[in-house]
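The following exercises are to be worked through with the sequence and the model at hand. Each task is followed by a solution in steps.

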Amino acid sequence: MKKTALMFFPAFDWSLGETHPEREERLLYTQEQLFEEGVMDLPQIVQLNPTVAPLQAVCRAQALFPGPEAHDLEAHRIAAGSALVMGDAWAKKEIHNGFALVRPPGHHAGAVVRGNRGFCTLNNEAILINHLRSRYGYQRIAVIDTDVHHGDGTQNIFYHDPQVLFISLHQDGRTLYPGSGFAEEKGGPNAWGQTLNIPLPPGTGDEGYHYILENWVLPRVQAFQPQVIINSAGQDNHYSDPLARMNVTARGYGKITELLQPHIAVLEGGYSIESALPYVNLAILLALAGEDYSQVREPKGPQRAPVQFEAFKRYYQELRSQEEKAKANWTKRRVASLLDQEWVSDAYSVYYDTEGFQEARQEYIRPCAHCGGTVVIMSKLPPDETVSTLIRIPFQACDPCAQTGLELWQLLTEKSGAKHGSEAVLLQNQNSDEILLWQRAKGVTRF
Amino acid sequence: MALRIGIDVGGTFTDAVLVDNGVIAAATKVSTPADVNTLLPTVLEALEALRVTDITQVEQITVSTTLMTNAILQNRLTKSELYLIPGYGMKLDALPWPVPYQAFKGQLDFRGREVEALDPADIEQQARRLTREGSLPCAAIVGKFSHRNNAQELTFDQILRKNAPGIQTTLGHRWGGANFYRRALTAYLNMAGQELFAAFASELTRAIREKGYEAPVYVLKADGGVLPLEEVRPVDTIYSGPAASVLGALALAEETADSYLVIDVGGTTTDMGLVLGQVPLLSAKGAKIGGFLTQIRSLAVRSLPLGGDSVVELRRGAVEIQPYREGTPYCLGGPKLTPTDAMCYLQIIDFGDPKKAEEALMEQLRADGGAAAEAEARGLAQDILKAMTKKILAAMTDLEKEWREEPAYKIWQVLHPQRREQFPIWLSGGPAPGLVRELSEQSRRAVKISRQAGFANAAGAALARPAFSRTLHMDTVVGRYRIEETGEQGAWQGSKRARGEAERLIEEIMRKETIKRELEPDDWQKDEFDYFPVVDGYRMAGQIVRGSWSMPSGIIGRVKR
Ligand SMILES: [Zn+2]
Ligand SMILES: [Zn+2]
């Protein structure tokens, strides 16, 4: 029998504040609904138990500066650890698929972590994906983010990674947090086209959503031939969501799951904790378990009509041609301080809304036709000029890229005494699975 | 302490003990006949055999009976209707229903608020059909989320009774945990077992009274607690055998032992359970019996169809222990080779005829086409005990795993996992002495055995105390509370933030029960309450409260050597 795993970790003793959307109550009614329906008694359902994600797994995907100890990680590490337990069960073929129904969420947490943003600190899916790659050798992973918000953290982590296809469907960034995820964002110089952003108009509804999946997302996923399919299953597309306006129903979510056939679905956002979550979670779990979800109905139906379908199809055609027309436009330049090699560079800032501060990042990518290319991200929190640096040597790195990364690690940690030297440097050597953190005060920690 | 009597109806023997101030003053064993109709005479025969003289001094008689377990497993229940109010959600037939049901209109949501009303006409029509057909069976009525709000079940019941006078009903909300499917099957079993159990209870009480006993008659439940025969819900008495084993170990174990595994090896079955800090571990899930998943609270136990009388066969040199018995062991005049014969031959037990045991071993060796000399017989006997022990240890590991891997829903639980401890083993039951060495060798654990190993279950029943827990679920916004174990529900008129008030409510409920059962409140185990803030918009509207206090199962006094 094909087994479907449920990892239910509602973190009943954790919140970001008594009335914060990310509070103890969030999965309370979901628990009541799932338990009352008796889903745990379905013969194909197995329940898994959470554990704490090791820091090695965390730092293989994300750089927590100035170091992991500076962050409040307890709940986040359990959510990430839950995803890992499920990943292991899947990779060992103990389960056919599974749903990590865990909180807190993670898809807004990026390659560098300076704090909590969009309720996320650790990226549960990214930690899972890099764990599956390093432990089991998978080389083609697709992540489809169906949260109503752009999965900017996940995109950020895999933007330069040609082995990961990242697709995000979300309400248009011009009308919703975090304001990114436009069709032109298609990936870094070594991974162009491995990111697909599909911003949708408010009111898209079940029909429009399924249409996009069938006509755009699924063909793209099939062409990539992923070995693993992960779904960031946010539930804020639901018509009752207080923040967004996408008009999707619980049954609509069941169909989304049925179409995507993810191996592992991980809960992301969704804060309509009474009107949506109990029903959406039930529909997703039933769809994964191959059960009929057509009788899952919310007590109150949608109050608004979805956008007119013909108009939606025109929107889709335009968006698609816009995406196709977007061309890569990268300039290489020699950077004296980075071994005097050629790099593509990019500067951007990241806003941490939970605590209200800005991070400035300077990113360098080593252009490479043979691998994902070494990536360097220098992070600071203005007006403070102190820099923390992430050096990432990608999975299956070519020799020159690996060499460059190691030399940079030497260089940056040795020059530590210099005036503008780094406060902390994380070497994320995914290629040889060596995760080293150097901190000015402590020296090197090996994870 | 005055006299207490415990009677344990096992698959092979029915045991009875008389405990006089912590000393087993008398113990008897009569065989349990295969015919279930002789259950009552068997119990009475065991009681009679105790030859109690001070009948008036007996303060309690406790029976542990297989009546409900066997009635369910052998499909000897009364036919009952099963009426469901499922509403929307998972399809009903996603789960296997071992009995037919009928679904009716109506729906509640997860906080017990009505989404769709009942359709009285539907229920009236059903009632009229029953009346017309002239059969007035009994019915279990179960609604989804009825554990949160019993209103629809109560209304349904009222309409049904009014239109089909005389019908007997059981309502699902009396088993108060969340799980519609299990609640439905539990209510069904309770309804379907009612007649059988009531008949047994009244006949047993009458017979005991006729013998001159005035003591109340108690019955042991799956959760290790006891209740007066007339108060107990019939289904709650399933699996009282394993519960008696665990309590028996508590009664006979040394005072110093704190946590240990209990293994009770009988003739037909081997039962095991876990005692943690002197308290038997309860299972996180309801019991499963036959094709029925239930909400019946039970101890975390394992029951193997493996015992001293199990039939042993040798096939191509491999020992196979069959999950059944065919009478007594060969060395006691039975027809087949059994583990008891192996023990007898190896002279590690002091009953049975070693010559006959040897005969049985040799015969199996020859039948398997092998050499049949003393060395082989000895080897075979040892192999049998090894195979039996291996099976017992596998179930034991599984039981410990269930305990360690209970789902964690809080950060605190994940950060404080159950200890990976090697619990010592407390062994009881007739064939127990024969397994001590093999068990301690294979498990590498300390194995202790009781001197009165053969009467552990009956002693456990005799000394079992009433155990109960009261789990409060309160929604101060909706304004309702309920008690999971009893299905009691009520309106909550206290504060929206009920910290303190909720504890006082449960304390009051616990106190009443404690006084009624003549126990001491000192023994209460008070778990920390959970308070979930309920937010409406961006404002705190109230709380959902969960918490549990209990009088854990256990024993009154202890058996002295
Ligand atoms: Zn979201
Ligand atoms: Zn390269």
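**Exercise 1.** Determine whether Lys93(A) is buried or exposed, and describe its backbone.

*Solution.* Step 1: Lys93(A) counts as exposed because its relative accessibility is 69%; buried means under 20% relative accessible area, exposed over 50%, and partly exposed in between, with a 1.4 Å probe and protein chains only. Step 2: Lys93(A) is not a glycine, yet its phi is positive, about 65°. Step 3: Lys93(A) is found in the loop between helix 3 (74–91) and strand 4 of chain A. Helices (H or I, at least four residues) and strands (E, at least two) are DSSP runs numbered from the N terminus.

This is a predicted model, in which local features need pLDDT of at least 70 and side-chain atom pairs count only at pLDDT 80 or more, while totals for chains, interfaces and linings use all residues. Residues are numbered from 1 along each chain as its sequence is written, chains are lettered from A and ligands numbered from 1 in the order in which they are written, and side-chain values use heavy atoms, with hydrogens and water left out.

**Exercise 2.** State where Asp433(A) lies and classify its accessibility.

*Solution.* Step 1: The loop between strand 16 (422–429) and strand 17 (434–439) of chain A holds Asp433(A). Step 2: Its phi is positive, near 50°, in a residue other than glycine. Step 3: Asp433(A) counts as partly exposed because its relative accessibility is 30%.

**Exercise 3.** Which protein atoms are donors of the zinc ion (ligand 1), and what is the geometry of the site?

*Solution.* Step 1: Asp147(A) contributes two OD donors, His149(A) contributes ND1 and Asp236(A) contributes OD, at 1.9 to 2.7 Å from the zinc ion. Donors are N, O and S atoms within 2.8 Å of the metal (3.2 Å for Na, K and Ca); water is not among the atoms, so sites may look incomplete. Step 2: Along the chain the donors follow the spacing D-x1-H-x86-D. Step 3: The angles among the four donor atoms are 53 to 154°, and the site is irregular. Four donors count as tetrahedral if all angles lie between 85 and 135 degrees; four count as square planar and six as octahedral if opposite donors are over 155 degrees apart and all others between 65 and 115; anything else is irregular. Step 4: Both Asp147(A) and His149(A) are buried.

**Exercise 4.** Which strands pair with strand 28 of chain B?

*Solution.* Step 1: Strand 28 covers residues 539–551 of chain B, and 12 of its 13 residues are buried. Step 2: Strand 23 (residues 468–475) of chain B runs antiparallel to strand 28 and is joined to it by eight bridges; two strands pair if DSSP finds at least two bridges between them. Here Met474(B) stands opposite Val545(B). Step 3: Strand 27 (residues 530–536) of chain B also pairs with strand 28 in the antiparallel sense, over seven bridges, with Tyr531(B) opposite Val545(B). Step 4: Strands 27 and 28 of chain B form a hairpin with two residues between them, and Gly537(B) in the turn has a positive phi of about 65°. Step 5: Strand 26 (residues 525–526) of chain B is antiparallel to strand 28 and joined to it by two bridges; Gln525(B) stands opposite Ser550(B).

**Exercise 5.** How many residues of chain A are in contact with chain B?

*Solution.* Contact means heavy atoms within 4.5 Å. On this basis, 44 residues of chain A are in contact with 46 residues of chain B.
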